[in-house]
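Welcome! Let us go through a structure by asking how each label is earned.

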Amino acid sequence: MNPSWQQGKLREFCKQKGIHVSAWSPLGGYKLSWGSPTVMENPILREIAEARKKSVAQVQLIILLHMFSQLKF
């Protein structure tokens with residue numbers, strides 16, 4: 001899961017069924033053969049990171065923490 005692929009319907013389904021959701025490679029496997037630059041090179045995340053003097057990875061991880069904190073298990 002990442003800001004551009006939040007999978008809201010899947011998360012809601014899992015919540016209803018009591019299924020635990022994990023974020024594997026939440027940074028998109030950046031610079032790996034199977035990975036994608038979608039997260040780490042996202043211009044919106046980069047802008048937020050620069051404004052807050054944080055890295056793109058820090059911004060992405062805090063977004064995920066916020067997304068998952070909304071779930072009630």
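Q: Why is Asn 42 called buried?

A: Buried means under 20% relative accessible area, exposed over 50%, and partly exposed in between, with a 1.4 Å probe and protein chains only. Asn 42 has 15% relative accessibility, so it counts as buried. Asn 42 sits in the loop between H1 and H2.

Q: What kind of model is this, and how are its residues numbered?

A: This is a predicted model, in which local features need pLDDT of at least 70 and side-chain atom pairs count only at pLDDT 80 or more, while totals for chains, interfaces and linings use all residues. Residues are numbered from 1 along each chain as its sequence is written, and side-chain values use heavy atoms, with hydrogens and water left out.

Q: What is the average pLDDT of the protein?

A: pLDDT is the predictor's confidence in each residue, from 0 to 100. The protein averages 84, and 88% of the residues score at least 70. Among the elements, helix H2 (residues 43–52) has the highest mean, 96, and helix H3 (residues 56–69) the lowest, 86. Where pLDDT is low, the predicted coordinates should not be read in detail.

Q: How many helices and strands are there in the protein?

A: Helices (H or I, at least four residues) and strands (E, at least two) are DSSP runs, numbered from the N terminus. The protein has three helices and zero strands, and the order of its elements from the N terminus is α-α-α.

Q: What makes Asn 42 a cap of H2?

A: Asn 42 caps the N-terminal end of H2, with a side-chain oxygen 2.8 Å from the backbone nitrogen of Ile 44. A polar contact is a pair of N or O atoms within 3.5 Å; within protein, one must be able to donate a hydrogen and the other to accept it, and residues adjacent in sequence count only if both atoms are side-chain atoms. The distance of 2.8 Å is within 3.5 Å, so the pair fits the distance limit. Asn 42 also lies 8.4 Å from Val 56, C-alpha to C-alpha, although the two are 14 residues apart in sequence.

Q: Why is Leu 64 called buried?

A: Leu 64 has 6% relative accessibility, so it counts as buried. Its place is in helix H3. Leu 64 and Pro 26 are 38 residues apart in sequence, yet their C-alpha atoms are 8.0 Å apart in space. Of the 73 residues of the protein, 29% count as buried.

Q: Is Lys 53 buried or exposed, and what about its phi?

A: Lys 53 has a relative accessible area of 74%, so it is exposed. Lys 53 belongs to the loop between H2 and H3, and its phi is positive, about 55°, although it is not a glycine. Most residues other than glycine have a negative phi.

Q: Why is Lys 31 called exposed?

A: The relative accessible area of Lys 31 is 72%, so this residue is exposed. Lys 31 lies in the loop between H1 and H2. Its phi is positive too, about 65°, although Lys 31 is not a glycine.

Q: Why is Phe 13 called partly exposed?

A: Phe 13 has a relative accessible area of 43%, which is in between the two limits, so it is partly exposed. Phe 13 is found in helix H1 (residues 8–17).
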